Amino acid sequence: MFGLKPRWEEVKHVCAQNHVILKEMWRTRRGLLVRGAERGVQWVWKTGTRAYTSSKPSSQSTPALRTRAEKERRRREKAEAILASQHNVNKDQGMKWSDKEKIAYTASIPPGEKKDTTVPFPLSYSPEYVEASWYQWWEKQGFFTPEAHDKLPGAVNRSFSMCIPPPNVTGTLHLGHALTVAIEDALARWRRMQGYKVLWVPGCDHAGIATQTVVERRLFREHGRRRSDLSREEFLQEVWKWKNSKGDEIYHQLRKLGASLDWSRACFTMDPGFNCAVTEAFVRMCDSGLIYRSERLVNWSCALESAVSDIEVDSKQLTGRTLLSVPGYQKKVEFGTMVTFAYPLDGQDGEVKVSTTRPETMLGDVAIAVHPDDPRYQAIHGKHCRHPFTDRLLPIITDTMVDVELGTGAVKVTPAHDHADFLLSQRHSLPRLTVIGGDGAMTPLCGQWLEGVKRFDARGLVIEGLLEKNLFRGKEDHAMSLPICSRSGDVIEPLLKKQWFVRCEDMAQRAIQAVDEGQLEIIPQFYTKTWRSWLSNISDWCISRQLWWGHQIPAYRVTFPGSANTDEELWVWGRSQAEARERAAVQYAVAPDSVTLTQDPDVLDTWFSSGLFPFAMLGWPHQTSDLRQYYPITILETGSDLIFFWVARMVMLGTELTGQLPFKQVLLHSLVRDKHGRKMSKSLGNVIDPLDVISGISLERLQEKVKEGNLDPRESLVAMEAQNKDFPKGIPECGTDALRFALCSYKAQGEDISLSVSQVLSCRHFCNKMWQTVRFTLGVLEDRGAELQTLEQTVPLSSIDRWVCSRLRSTVLQCEQGFNSYELHTVTAALHSFWLHSLCDIYLECIKPLLTQPAGGGVASGRESRNVLYHCVTVSLALLSPFMPFLTEELWQRLRPFRDPGGDGVTTSLCLQPYPQSAHLAHWHFPQEEADFSLVQEVVRVARSLRAKSGMTKEKPDMWAVCSPSQAQTLVRFGPVVQTLARTTSLHLHCPHGSGGDGSSAPPPPEGSAVGVVDHTCQLHLRVQGDVNVNKQVLQLSQRREKLLCKLEQSLCRTRVPNYSEKVPEWVRAQTENKISALEQELRSIEEQLSALQGSSQDN
């Protein structure tokens, strides 16, 4: 039961499953990329073209080819565009900013103690000042643990759990990670403020290949030693030393980003508890037959001497002959050529010509395949060719999978080094000869003349040998796709290896069913089609890795004393060696002491252990209280690029091992790209450390980081030139809050995000606006000293108070809707609009005269406005807290004493306060004021425009509104607001067809006034000093109209291009439509103004 032997049933199953695949592979014979053992993709070399094949018709492969080639072409074009402009770019075109004064928080506060907010309030916002001390206090107080639930003033009996996608311990976070943190922390803080018991678990992935590579390089650089110079135990000690000294850098970044993670539950995938979970998962899946051992082709890195996953394989497109640097070779190696040579027929005259991009593999050829209906070869069916170097006979086999129209119609078969040939060998029972070893050297099967020669050196020797034997038939350029190991830069070699595999078909079907039946929701929904398509064509997953760093596979090879058959492999597995020994004794009916066990030296694929993260982090396989309370986790949020490598595997493994889906919702955000549309990647040198945006960095230091990255020289040049263009003065200090707010302001569910640091800088300006608003509010509250009413007691009376309170309630409603649908960009947009426009631009400007007048005047209305102002600010701070935790805490703590002078200032934090609810603001709902205020805003806009055109920058003229009675009623209610915002001395309302809002109508406006049109029923007239030159106004308006007409035509032309809706992204189309609408509206206004001016001129 516990032994594993290759089974013929498995071979037949694989053959049947891949019959259609094999057919398409032969049709696109030269250099396929075909469905394989991990995600449905494997590398095949015969030439460089690529295709995706499945059990579905092969027509799908061509679009895939074009897509990958198109991506490569676009990448090159973007790089060339950056370099092409390097000599003519004006550096002033980059982001413009000036250094702001840095203010440090200098009060002496012990680490972890609450920040003193009684010190004087600085004049301007400084991120360094604001972010000091708060996180240490939050963490020490345990605010981020679920145990803090009892402290929540509005606690509810509901939980919210989530895990952070564990970043690789080797690296540092970039802005893509920062987007993940910003989104997840906003959700965690929102739920915590709603009274939920929140658990958000941090973690790091051990990143097997990446970590081992980094440590090996360090060992060689610092000590001149290689891994082979150390024992496995000694090397692992070096890895742990490195991890312990460098591995906390990511956690430091997460803290700087303000992530409200429960650090007491931090999880590392090599921790003892997690290792126990990995072992348990492997043993259970072996017991159930889901994990098995088999000999198959894998992606092999000769430099690492390990199999690698597809995510660690990059594709390099070659258009023809190309010389490339390869690790371990002093000279560059030639790729992108096709070699044709002949195999002589055995026992008769004639030859069969074949072609290959890898002539060194011909030493492993075991057959030649032709189509049975190809008339050129019907006479030699069943004959043999003689191998010129090994003297081996190669049978000529027939198979309908061969494409008669491709090349010579004859194909060399190399099962041990080609995925298509491996499948063919299963169909025809062909031998598999490994002629390239794991170290990249030719094996003894090649003969003494090639044994030990490196594979690409052997390539030249094979061609020379073919020339000597007069069998070489030519070489030509050939476009191809070269698989490159992203970790080592080595060229991937398909090698035949005995490995451990996971059967995925049944688990994948359950994952599809979960989505189809609504048990698992994927957001955005359009990813469900991709989910279903990929999982429907999944193949078994190779989980063996030939490394030392990682989870050593808990499987043991069994041998017995005196056993003669050493080729036969007998395997058992167990949670410990003792358990494995007992299993072996039972399986083979022998005494435990007679069994010799040798543990598999390989480790498991990192994706296998990370696939267990949602439940292993909670203590599985033990039934811990955390597992019972928080599993399944509420939601899994991550980048859309991990939907297969991580999300699908978590769903498959979680369902299989726990009997439950690991989560009920998957929220996928888009990829973050740089300003030039390129994916942020270390290999491109365009990644930005979020700490550099938070604290600022010089251009010189940015470019030093590029040089430290060991990039390809051309990529390094492109990266530094892009930095010269984008950051000629470096990156300014923006602060954590501005970065988080900017990241959440992008629509994350949809198209990729082209992040601009200038957008983050704009959010820093917004932070300063918030700072100045609270500074003004504090001044008003300190000067008056009156006790404030509660939110429930505050009932606005004046029209402007009622309007701003109703606007705040509407904003709270928008926040509720945005959070519930995970559309965080709608939340940030609503909050930004309310604070900047409704609160600052309108409300504060209207109440400043009232609040700053001497004591005694308008006491009642002033007190009411102070209450409204205080609650508008504090409620807005609570709304913004999930996005801007540092700034909102600082400002809220400054305001809190005015409402709660005797409260607990030591343990009270904004992050634990109830999140505002629209239901609690029902008494602030004034829909009529909100509806009417649009007229007020338009009147103010037209009035300001008239003042500017008339050159009245300081004067406050009289203004007449010629309008309908209903409009007059609105303007009467908001009269003081109009006068304040429009900067007029008075507002006269003239209703030609009825009485005004106060029951009367003012006389008509005087002749010679400046005229502006609000709408078809409302005109404004400003009395200006001296006569108004109507002709001049008409001329100015006419000139403006001509300019707008040109702009409108240009915008409309863009929408008339063929396939506009398919080619242009949705957000660009929306921008264009908004621009067209605005232009049309302004043109209508100009026409109305011209009509009014012409009527006024005729009256005169």
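In which helix does Thr828 have its place? In this predicted model, Thr828 is located in helix H26, which covers residues 824-851. This residue is buried, with a relative accessible area of 1%, and, once its neighbours within four places in sequence are set aside, Thr828 is in contact with Phe741, Cys744, Ser745 and Phe883. Two of these names, Phe741 and Phe883, return below in the account of the aromatic rings.

## The protein as a whole

The protein has 1100 residues, and buried residues make up 56% of them. Its secondary structure consists of 34 helices and 35 strands. Among the contacts with a separation of 6 or more, 77% are made by residues that are 24 or more positions apart. The protein exposes about 46,600 Å², and carbon and sulfur atoms supply 49% of that area.

## Aromatic rings

How many aromatic pairs does the count come to? The total is 37 aromatic pairs. One of them is formed by Tyr125 and Trp771, and it is tilted, with 6.2 Å from centre to centre and 55 degrees between the planes. Tyr125 lies in the loop between helix H3 (61-84) and helix H4 (127-131), while Trp771 lies in helix H24 (residues 757-784), so this pair ties together parts that are 646 residues apart in sequence. Tyr125 counts as buried because its relative accessibility is 2%, which is under the 20% cut-off. Trp771 is buried too, with a relative accessible area of 0%.

Phe741 and Phe883, the two residues met as contacts of Thr828, also form an aromatic pair, which is edge-to-face, with 6.3 Å from centre to centre and 90 degrees between the planes. This pair links distant parts of the chain, since Phe741 is in helix H23 (residues 736-744) and Phe883 is in the loop between helix H27 (859-880) and helix H28 (885-899), 142 residues apart. Both Phe741 and Phe883 are buried. They also belong to a cluster in which ring pairs link Trp190, Phe741, Phe766, Phe819, Phe883 and Tyr915.

Rings can also be found with a charged group over them, as the following table shows for two cases.

| Charged residue | Ring | Distance from charged end to ring centre |
|---|---|---|
| Lys115 | Tyr105 | 4.8 Å |
| Arg503 | Tyr292 | 4.1 Å |

## Strands and sheets

Strands of a sheet pair through backbone hydrogen bonds, either parallel or antiparallel. An open sheet of 4 strands has the order E15-E16-E14-E17, and its pairing is mixed. Which strands stand at the edges of this sheet? They are strand E15 (384-386) and strand E17 (410-413), and because each has a single partner strand, one side of each is left without a neighbour in the sheet. On average, neighbouring strands of this sheet are turned by 30 degrees against each other, with direction ignored.

Within this sheet, the edge strand E17 pairs with strand E14 (residues 367-370) in the antiparallel sense over 4 bridges. As a single example of how the residues face one another, Ile368 has Lys412 in E17 as its bridge partner.

Elsewhere in the chain, strand E28 (residues 633-639) is mostly covered, with 6 of its 7 residues buried. Strand E28 is joined by 6 bridges to strand E29 (residues 663-669), and the two run parallel. Here Ile633 has Phe663 in E29 as its bridge partner.

## Two further buried residues

Is Phe613, whose place is in helix H17 (residues 613-616), buried or exposed? At 0% relative accessibility, Phe613 counts as buried. Not counting residues up to four places away in sequence, Phe613 touches Cys163, Ile164, Pro166, Pro202, Gly203, Cys267, Thr269, Phe274 and Trp646. The C-alpha atoms of Phe613 and Val278 are separated by 9.8 Å, although these two residues are 335 residues apart along the chain.

Thr970 is found in helix H30, which spans residues 965-973. With a relative accessible area of 7%, Thr970 is buried. When its neighbours within four places in sequence are left aside, Thr970 is in contact with Asp932, Leu935 and Val936.

Note on methods. Residues numbered from 1 in each chain as written. Predicted model: local features only at pLDDT ≥ 70, side-chain atom pairs only at ≥ 80, totals over all residues. Heavy atoms only, no water. Phe/Tyr/Trp six-rings, centres within 6.5 Å; stacked < 30°, edge-to-face > 60°. Buried < 20%, exposed > 50% of the residue type's maximum accessible area, 1.4 Å probe, protein only. Lys NZ or Arg CZ within 6 Å of the ring centre and 35° of its normal. Contact = heavy atoms within 4.5 Å. Areas by Shrake-Rupley, 256 points an atom, 1.4 Å probe, with all protein chains shown as cover. Pairing = 2+ DSSP bridges. Axes fitted to C-alpha atoms, helices over the stretch in contact; angles between N-to-C directions.
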